[in-house]
Amino acid sequence: MVSGGVLCAIGLVAVIGPWISPNEYLTADFNNILRSPAFADGHVFGTDDLGRDLFVRTMMGVQVTFAVAIVASIVSLVIGVLYGATAGFVGGRVDAVMMRLVDTLYAMPFIFFVILLLVVFERNFLLIFVAIGAINWLDMARIVRGQTLSLREREFVQAAQLLGVSTPKIILRHIAPNLIGVVIVYVTLTIPQAILIESFLSFLGLGVQEPQTSLGKLVNDGTDQMEGAAWLLLIPATLLAVILLCFNFLGDGMRDLFDSRRSE
Amino acid sequence: MSLLEVRDLSIRYGDTAVVSSLSFSVSDGESVGLVGESGSGKTQTALAIMGLLPGNAIVGGSIAFDGREIVDAAERQLDRLRAERIGMVFQDPMQALNPYIPIGKQLRRVLLRHGISDGRKADQRVMHMLDRVGLPDPARQFRAYAHQLSGGMRQRVMIASALIADPDLLIADEPTTALDVTVQAQILELLERIREETALLLITHDLGIIAGHCERLLVIDNGRLAEEGPTRKLFSEPQSAHTRKLIDAAPRLDGVTRPAPAPAERVLETEAVSVSYAERRAELHAVLDLDLQLMAGETVAVVGESGSGKSSFVRAVLGLIPMRAGRVTFLGKDIAGPAKARAVEIRRDLQLVFQDPAGSLNPQLRIESIIAEPLSVHAPELDARGRQERVAEALQRVGLDEQLLTRFPHQLSGGQAQRAAIARALIVNPKVLVCDEAVAALDGSVRAQILDLLRREQEATGLAIVFISHDLAVVRSISHRVMVLYLGRLVELADCAAMFARPRHPYTRALLDAVPVPDPVSPGGKLSLGGEMPSIINPPPGCAFHPRCRFALPRCRTEPPRARQVGDARVACHRAEELEL
Amino acid sequence: MLRYTLRRLLGAIPTLFLVIVLAFLLVHAAPGGPFDDERALPAEIEANIAAAYHLDEPLPLQFLRYLGGVVRGDFGPSYSYRDYTVSELIGRSFPVSLQLGVLAMLLAAVTGVSLGVVAALRPNTALDKIVMGVAMTGISIPVFVIAPLLVLLLAVQLQWLPASWTGSESSSRLLLPVISLALPQIAYIARLTRASLIEVLSSDFIRTARAQGLGTAAIVRYHALKPAMLPVLSYMGPAVAAVLTGSVVVEEIFGIPGLGQLFVRGSLNRDYTLVLGVVIFYAALIVLLNLIVDLLYGAIDPRIRRR
């Protein structure tokens with residue numbers, strides 16, 4: 001729960017930050033390059049090798065990171081849930097085929113395909129979302145399918161079927177509400193995964209492009225400057241780690257919450 | 001000097017006391033029964049004696065075994081005690097055995113604890129033990145895994161593992177609850193043999209079992225000792241109200257049966273229904289050729305042990321699983337086929353109540369929505385007020401308080417949940433109600449209430465009931481006619497009173513013999529049937545029952561008997577006329 | 001057991017096939033060819049080159065030709081490293097990556113499981129919370145953050161270990177890359193082991209073992225450890241995949257001439273055959289590993305073997 005709070009705080013600052021800061025993230029100020037962090041001159045986090053204020057850039061990075069994470073997670077959520085619920089509910093042959101597909105896809109070194117994709121089609125911002133979503137939906141589909149399958153066998157679903165309740169109503173009233181718990185838990189776990197993937201891609205130079213930035217890209221840039229200006233690496237790295245940590249804690253907390261309710 | 005001396009035992013979790021001021025003792029070689037309803041603290045007491053309570057349990061009082069204190073003892077001391085002096089058998093052998101290691105090895109490990117490191121000697125002792133508990137072919141079972149054994153065999157293995165160290169005291173916690181009644185009889189007989197050498201603390205909710213196997217009795221109610229004394233005395237002159245309640249609620253085989261109902265229209269009829277499952281190119285016959293006729297206002301019980309096909313039969317009739325052959329008619333109309341394809345009115349008239357009350361109610365919905373759901377399908381014209389009225393009416397019929405409407409299923413007790421399930425089934429005024437082990441998960445007194453409710457409904461509305469159960473005592477109290485199944489085949493179909501008084505099939509006789517009766521003088525629970533029901537993968541040729549039948553003739557091995565009228569009953573046995581059972 | 005193995009093997013083939021098809025299509029869908037970056041050549045010579053590399057043939061034919069080669073182990077020539085075939089290149093870089101990967105996995109498995117067991121045996125104590133807290137942090141920090149940070153700390157500031165591969169010949173140059181790769185896995189495996197062991201320890205059959213008087217050590221060693229390892233085992237497949245992807249980053253940062261670096265260079269140079277070869281190679285590795293994991297799973301859990 002603490003993590004929830006921290007995340008919100010970071011999010012808030014990220015959005016508000018660039019507004020209140022007197023500096024522009026685009027402006028290269030060659031008089032001020034590579035200054036270490038100091039409150040006095042207005043560059044709270046210092047500047048980078050082009051004289052751009054690190055604070056603002058970091059906040060922009062956080063914004064982009066959050067945006068990518070959320071959108072990509074939603075994409076994988078939608079695909080995963082639809083796929084998994086269909087497979088689980090329809091069952092039989094259809095389920096077997098769908099799951100075979102998932103298993104096959106699971107075995108593939110996705111990252112490499114994504115890298116390939118991005119290299120081949122020229123770093124396209126939209127493509128990143130699609131790519132990340134394409135990697136993550138597999139897990140969600142599996143979980144949702146498993147849950148749907150076991151729900152289908154639960155007696156209250158059978159009771160509803162026997163009563164004559166129509167199939168769409170069954171899905172809506174009986175199956176869906178019981179899926180929500182599992183889905184929420186997994187969403188809070190896929191978000192950090194999405195962030196990781198995006199950062200990874202950006203680190204390799206395949207993600208967001210100049211002048212935009214994301215945390216991954218900042219870390220990459222920082223690594224290059226590591227020997228002289230350590231703060232350029234440390235600050236975005238720490239921020240990234242903290243964000244991921246918070247999401248992971250959040251996910252864990254949610255999982256505990258839902259597990260205990262279920263076993264009542 | 002007592003072997004086990006419990007004084008003022010109390011067990012608490014946080015603020016809730018599960019056991020309070022419990023005192024009793026067990027002497028060398030004695031067999032004592034601990035009886036109570038579920039949640040009364042029996043298992044907690046047993047775990048406390050073994051020192052196996054979870055870490056957050058707060059234990060007060062004293063438990064002394066052979067003079068040595070168990071409460072707050074060091075783990076090592078407890079280990080030694082558990083390894084050498086006290087053994088415990090748990091309720092569900094499937095869960096209680098390690099599924100990843102062959103059972104022989106598991107047993108051998110217990111011996112290793114005793115420093116018997118010689119592999120060969122250990123193996124010999126294990127085999128000897130397996131033989132002693134009546135496991136057929138011990139050499140083969142040594143290498144078998146838990147999931148390859150049947151329920152009865154698994155429980156024997158459990159008992160073997162508890163006895164292999166030659167303990168002074170054996171604690172058995174509901175050892176036969178998960179087993180079929182004929183297998184139960186076998187296990188109880190095994191425990192009888194053990195009684196001669198080991199003290200026994202038998203924990204159960206079943207008074208019938210206690211009556212036949214324990215010299216002394218402890219009745220526990222809500223964590224407190226309600227009464228204690230010699231078994232016979234407790235049954236004939238119970239002092240505490242709780243004891244009396246338990247004895248009254250215990251189903252018996254000699255109570256009054258229901259009078260035959262007035263003749264009425266035939267509501268449901270099945271003809272030669274067969275159900276099979278396809279497994280790896282083989283066809284497994286779960287149900288073979290069953291005929292059933294059900295009249296309005298009548299209850300027909302479908303009785304059988306696990307594997308008898310009773311659930312498959314009923315589910316096929318309801319359209320939940322496909323039938324391989326046969327006809328099902330409802331009020332004269334042919335209704336065979338999947339439930340989804342049936343007309344709405346028919347689905348309204350055939351309702352089902354499941355065994356697990358909590359499982360049959362959607363945990364995310366409130367009771368009110370659950371009970372009202374059928375109305376949205378079968379009475380869509382009702383407005384909100386109309387629905388409310390119908391729900392209130394249904395509540396009254398099942399005796400549920402209005403307050404419960406806003407609660408969720410997990411907030412209801414077992415009995416209340418089952419009433420809610422019944423309310424949901426009855427709200428559309430069906431003609432046939434199928435109860436699939438509907439009271440099996442309920443305690444004695446609650447069970448009696450639900451059965452009462454069903455009887456009243458039937459008499460008031462002419463409801464026809466198909467009652468599936470493995471519990472003959474329950475069946476006797478509620479059915480007009482009884483249908484006994486064995487391996488998916490009809491064995492006997494007769495009037496309830498007539499069948500109990502004079503069974504015509506050897507299997508029915510064995511079933512009746514095996515039922516433990518809460519009467520210390522003639523406790524029933526006799527073992528007259530060895531072995532277990534074969535699996536449908538490999539059904540015996542000829543009469544399916546012949547391998548276990550005392551009266552089998554060569555003919556029974558080759559020719560399956562057809563069900564025919566013998567006296568007032570329909571029986572499938574070649575020797576039905578001549579046998580005096 | 002044999003049937004189970006065969007069945008799994010057969011199942012792996014369509015997966016590989018799909019990988020090859022997808023990769024092939026993807027690579028050839030790219031705009032631009034492998035020689036675009038170079039000076040524009042007269043049309044004739046371009047045509048000759050195209051013919052020599054079979055680039056002028058229809059796609060399905062190119063695919064079949066390629067497939068035939070793959071089956072024989074021939075991934076074709078590299079477009080960017082002109083004097084080498086892809087197989088040779090892979091052959092040269094793989095051993096390095098293999099060394100790195102194996103060491104990292106071993107480190108991760110041993111350390112992770114040990115930490116997890118220790119934490120599981122003392123749940124909710126300070127020790128447990130500390131271990132799990134550290135583990136949580138380990139998961140939250142991506143490889144490409146850990147590696148530079150470690151380099152910063154241990155190589156630049158403290159000067160204990162070499163910062164790059166080529167800078168020194170000593171085996172201590174292995175340390176940082178291996179640790180960087182292993183850390184997130186250690187964390188994940190520790191958490192997984194702990195959760196799994198705690199769950200197994202609360203099973204009924206463990207209660208039976210305790211009722212039989214077996215002490216904790218005996219119970220863990222004999223009854224609990226094997227089943228508790230099952231989820232960890234299942235994780236090994238994805239773990240290896242993660243280490244493989246991580247190796248791309250680590251190799252870049254430390255300048256290690258391994259497979260990951262090869263892949264990145266190949267992608268940036270549009271070296272089709274190289275990229276294709278590496279992807280297929282990786283996929284085959286993963287499939288093989290998943291197969292081994294499946295077999296081990298069957299060896300531990302007898303209930304699976306019947307299928």
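## Close-up views of chains A, B and C

**Figure 1. Here's helix α1 (residues 42-50) of chain B, lying across β3, β6, β7, β8 and β9 of chain B at about 150° to β7(B).** Everything shown here and below belongs to a predicted model. Another helix, α7 (residues 151-163) of chain B, also packs on the sheet, where α7 touches β6 and β7 of chain B. The direction of α7 makes about 170° with that of β6(B).

**Figure 2. The six-stranded open sheet of chain B has mixed pairing.** Reading across, the order is β6-β7-β8-β3-β9-β10. At the edges stand β6 (86-89) and β10 (224-230) of chain B; each has a single partner strand, so one side of each is left without a neighbour in the sheet. From one strand to the next, the twist averages 15°. Pick out strand β7 (residues 169-173) of chain B and you'll see that β7 runs parallel to β8(B), with five bridges joining the two. One pair to look for is B:Ile171 with B:Leu201, its bridge partner in β8(B).

**Figure 3. Zooming in on strand β3 (residues 31-35) of chain B, five of its five residues are buried.** B:Ser31, B:Gly33 and B:Val35 point one way from the strand, while B:Val32 and B:Leu34 point the other way. That fits the usual pattern: in a regular strand, side chains alternate between the two faces of the sheet. Here, though, the residues on both sides of β3(B) are buried. Strand β8 (residues 199-204) of chain B runs parallel to β3(B), and five bridges join the two. With strand β9 (residues 216-221) of chain B, β3(B) also pairs in the parallel sense, over four bridges. B:Leu34 is a handy landmark for both pairings: its bridge partner in β8(B) is B:Ile203, and in β9(B) B:Leu34 stands opposite B:Leu218.

**Figure 4. Chain B also has an open sheet of four strands with antiparallel pairing.** This time the order is β12-β11-β14-β15. The edge strands, β12 (282-295) and β15 (333-334) of chain B, each pair on one side only. Ten bridges join strand β11 (residues 266-279) of chain B to its antiparallel neighbour β12(B). To find your place along that ladder, look for B:Tyr277, whose bridge partner in β12(B) is B:Leu284. Helix α12 (residues 310-318) of chain B lies across β11, β12 and β14 (325-330) of chain B. The helix runs at about 115° to β11(B).

**Figure 5. Now for the place where domain 1 (4-249) of chain B meets domain 2 (266-349 + 431-571) of chain B.** The C-alpha centres of the two domains lie 33 Å apart. Their contact takes 27 residues from domain 1 and 24 residues from domain 2. On the domain 1 side, α8 (181-195), α9 (207-213), α10 (231-236) and α11 (241-249) of chain B each supply at least two residues. The one that gives the most is α8(B), with eight residues. It's a mixed surface: by class, the side of domain 1 that touches domain 2 has eleven nonpolar, ten polar and six charged residues.

**Figure 6. The largest nonpolar core has 338 residues.** Which members touch the most other members? They are B:Ile171, B:Val302, B:Ala423, B:Val466 and B:Met483. You've already met B:Ile171, in the bridge pair with B:Leu201. The helix that gives the most to this core is in chain A, though: α2 (residues 54-90), with 17 residues. Within chain B, the core draws at least three residues from each of domain 1 and domain 2. Take B:Met483 for a closer look: leaving out residues up to four places away in sequence, B:Met483 touches B:Leu292, B:Val300, B:Ala301, B:Val302, B:Val303, B:Leu490 and B:Leu493.

**Figure 7. Last stop is the contact between chain C and chain A, which takes 37 residues from chain C and 30 residues from chain A.** On the chain C side, α1 (2-29), α5 (126-140), α6 (143-157), α9 (216-254), α10 (259-268) and α11 (272-300) each supply at least two residues. The largest share of that side, eight residues, comes from α1(C). What does the side of chain C that touches chain A look like by class? It has 31 nonpolar, six polar and no charged residues.

Conventions:
Residues are numbered from 1 along each chain as its sequence is written. Chains are lettered from A and ligands numbered from 1 in the order in which they are written. This is a predicted model: local features need pLDDT of at least 70, side-chain atom pairs count only at pLDDT 80 or more; totals for chains, interfaces and linings use all residues. Two residues are in contact if their C-beta atoms, placed from the backbone, lie within 7 Å. Ala, Val, Leu, Ile, Met, Phe, Trp, Tyr, Cys and Pro count as nonpolar, Asp, Glu, Lys and Arg as charged, and the others, Gly among them, as polar. A nonpolar core is a set of buried Ala, Val, Leu, Ile, Met, Phe, Trp, Tyr and Cys residues joined through C-beta atoms within 7 Å. A residue is buried if 20 or more other C-beta atoms lie within 10 Å of its own, exposed if 12 or fewer, and partly exposed in between; C-beta atoms are placed from the backbone. Domain bounds come from an automatic or database domain assignment. Two strands pair if DSSP finds at least two bridges between them. Axes are lines fitted to C-alpha atoms, for helices over the stretch in contact, and angles run from 0 to 180 degrees between N-to-C directions.
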